[in-house]
Amino acid sequence: MKKVVELPKYSAYPQWAKTELRQALDEKTKKIYQTNATAALSTAQAHPFFSDLDDFFIDLESSYKDRTGTRLFTNSALQLTPKTYDSVVNKSYRTNIIKNKNFPSKPQEGWITPDNWMQRLNDTVRGELVCAYLDGPEYVAQALSARADKLSLASDFYSRQQDSGYYAYHFYVDIEVELVRPTWRTFRAPVRVEVQLTTQLQEVLRALTHVFYEELRLQEQREGDEWKWNYSTGRFKASYLGHTLHLLEGTIMELRHTSQSSKASKKKKGAAK
């Protein structure tokens with residue numbers, strides 16, 4: 001029988017990190033992180049990849065409308081923000097403890113610590129774009145990837161689909177930033193900037209359920225599937241509403257394709273007369 005490993009509670013995580021990782025999650029660590037996050041944000045905002053996005057999005061919107069007859073964005077104003085210190089500590093806890101199947105040994109890719117937060121975490125600087133239709137997120141992700149290639153920047157993207165009903169594309173690009181070590185000596189390293197690409201319906205749902213999922217992230221145990229049967233809970237309703245909206249968006253896409261085909265057919269018949 002496999003031995004059940006007791007996981008440290010989130011409230012005990014700072015002491016665990018100090019004892020096991022020899023890393024202090026204190027005010028000095030917080031100040032260093034905030035300094036680095038601010039530097040990463042300002043560097044990303046000033047970089048040509050992000051500073052010239054307005055005209056890029058206008059052209060992208062135009063080409064998408066020519067192809068589909070519909071708008072691409074409901075919100076194309078990309079505003080980058082730094083991840084808060086508390087969120088970084090929380091994510092390191094979930095990575096090191098909750099999601100770490102090797103615990104109490106280190107995760108497969110090593111411990112997440114204040115020494116490597118900026119290089120290992122992929123969303124210390126992040127932003128969001130909201131598309132009108134289901135095919136928008138992938139379309140924008142591909143365009144951003146091509147833009148990164150032109151600027152010789154490392155990038156990648158992938159779709160995110162979760163049991164929680166979350167659907168989006170995540171795009172990442174590496175921007176070199178001057179950071180500081182705990183000794184306050186500077187060094188340069190690439191920092192991943194995340195752009196979440198979602199749809200209007202998913203954005204509405206996420207705004208309503210965000211607080212609920214933030215509470216779930218602090219659960220001090222590994223998740224099972226029992227919640228999928230608890231139909232009276234908020235989690236069940238929010239999750240399956242997310243999947244239902246995804247299905248609805250797929251149906252809307254089919255209707256759009258049918259409408260486009262009908263218009264094209266009528267135009268062709270009119271030209272033949």
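These are my notebook entries on a predicted model, taken in the order in which I looked things up.

**Entry 1: overall picture**

I began with the whole chain, and for the protein I noted nine helices and six strands. Taken along the principal axes, the C-alpha atoms fill a box of roughly 80 × 50 × 30 Å. Of the 273 residues, 39% count as buried. I then looked at how contacts are spread along the sequence: among those between residues at least 6 apart, 70% join residues at least 24 apart.

**Entry 2: the nonpolar core**

Which residues touch the most other members of the largest nonpolar core? That core has 54 residues, and I wrote down F50, L60, W117, V140 and V173 as the ones with the most such partners. I followed one of them further, and found that L60 touches L72, F73, Y139, V140 and A143 when residues up to four places away in sequence are not counted. V140 therefore appears twice in my notes, once in the list of core members that touch the most others and once as a partner of L60.

**Entry 3: helix α5**

I checked the length of α5, residues 85–98, against the expected rise. With 14 residues at 1.5 Å a residue, the helix should span 20 Å, and its end C-alpha atoms lie 19 Å apart, so the two values agree. Is this helix enclosed or open to the outside? Eleven of its 14 residues are buried, so α5 is largely enclosed by the rest of the structure. The buried residues that I listed are Y85, V88, V89, N90, K91, S92, Y93, R94, N96, I97 and I98.

**Entry 4: the cavity**

A search of the whole structure for cavities of 30 Å³ or more returned one. For the largest cavity I recorded about 40 Å³ of space. Its lining is made up of Y13, A17, L21, Q23, L25, S92, I112, T113, P114 and W117. S92 from that lining is also among the buried residues of α5, and W117 is one of the core residues noted in Entry 2. Helix α1, residues 13–21, gives the most to this lining, with three residues. By class, I have seven nonpolar and three polar residues here, and no charged ones.

**Entry 5: the second largest pocket**

I turned next to the second largest pocket, which holds about 300 Å³ of space. Of the 19 residues that line it, those closest to its centre are I32, P114, D115, R181 and P182. P114 is also in the lining of the largest cavity. Three elements give two or more residues to the pocket lining, namely α2 (27–46), α6 (117–120) and β5 (167–180). The largest share comes from α2, with five residues. Unlike the cavity lining, which has no charged residues, the lining of this pocket includes five charged residues, alongside ten nonpolar and four polar.

**Entry 6: F171 in strand β5**

F171 is found in strand β5, and at 0% relative accessibility this residue counts as buried. Beyond its neighbours within four places in sequence, F171 is in contact with F49, A141, L144, S145, A148, S155, D156, F157, V193, E194, V195 and L197. For V193 in that list I also looked up the separation: its C-alpha atom is 8.2 Å from that of F171, with the two positions 22 residues apart along the chain counted as their distance apart.

**Entry 7: T199, Y133 and N36**

T199 is placed in strand β6, residues 186–199, and its relative accessibility of 3% makes it buried. Its contacts, neighbours within four places aside, are V130, C131, Y133, L134, P137 and E249.

I went on to Y133, found in the loop between β3 (125–131) and α7 (136–150). Y133 is partly exposed, with a relative accessible area of 22%, a value I read against the cut-off for burial, which is under 20%. With residues up to four places away left out, Y133 touches Y64, T70, R71, T199, I252, M253 and R256.

How far apart are Y133 and N36 in space? Their C-alpha atoms are 36 Å apart, for a sequence separation of 97 residues. N36 sits in helix α2 and counts as buried at 6% relative accessibility. Again without residues up to four places away, N36 touches M118, L179 and V180.

Key: Residues are numbered from 1 along each chain as its sequence is written. This is a predicted model: local features need pLDDT of at least 70, side-chain atom pairs count only at pLDDT 80 or more; totals for chains, interfaces and linings use all residues. Side-chain values use heavy atoms; hydrogens and water are left out. On a 1 Å grid over the protein atoms alone, a cavity is a set of points where a 1.4 Å probe fits but cannot get out, and a pocket is an open set with protein on both sides within 12 Å along at least five of seven lines; lining residues have an atom within 4 Å of a point. Grid points are joined across faces, edges and corners, and a volume is the space filled by probe spheres set on the points. Helices (H or I, at least four residues) and strands (E, at least two) are DSSP runs, numbered from the N terminus. Ala, Val, Leu, Ile, Met, Phe, Trp, Tyr, Cys and Pro count as nonpolar, Asp, Glu, Lys and Arg as charged, and the others, Gly among them, as polar. A nonpolar core is a set of buried Ala, Val, Leu, Ile, Met, Phe, Trp, Tyr and Cys residues joined through side-chain atoms within 4.5 Å. Buried means under 20% relative accessible area, exposed over 50%, partly exposed in between (1.4 Å probe, protein chains only). Contact means heavy atoms within 4.5 Å. The expected span of a helix is 1.5 Å times one less than its number of residues.
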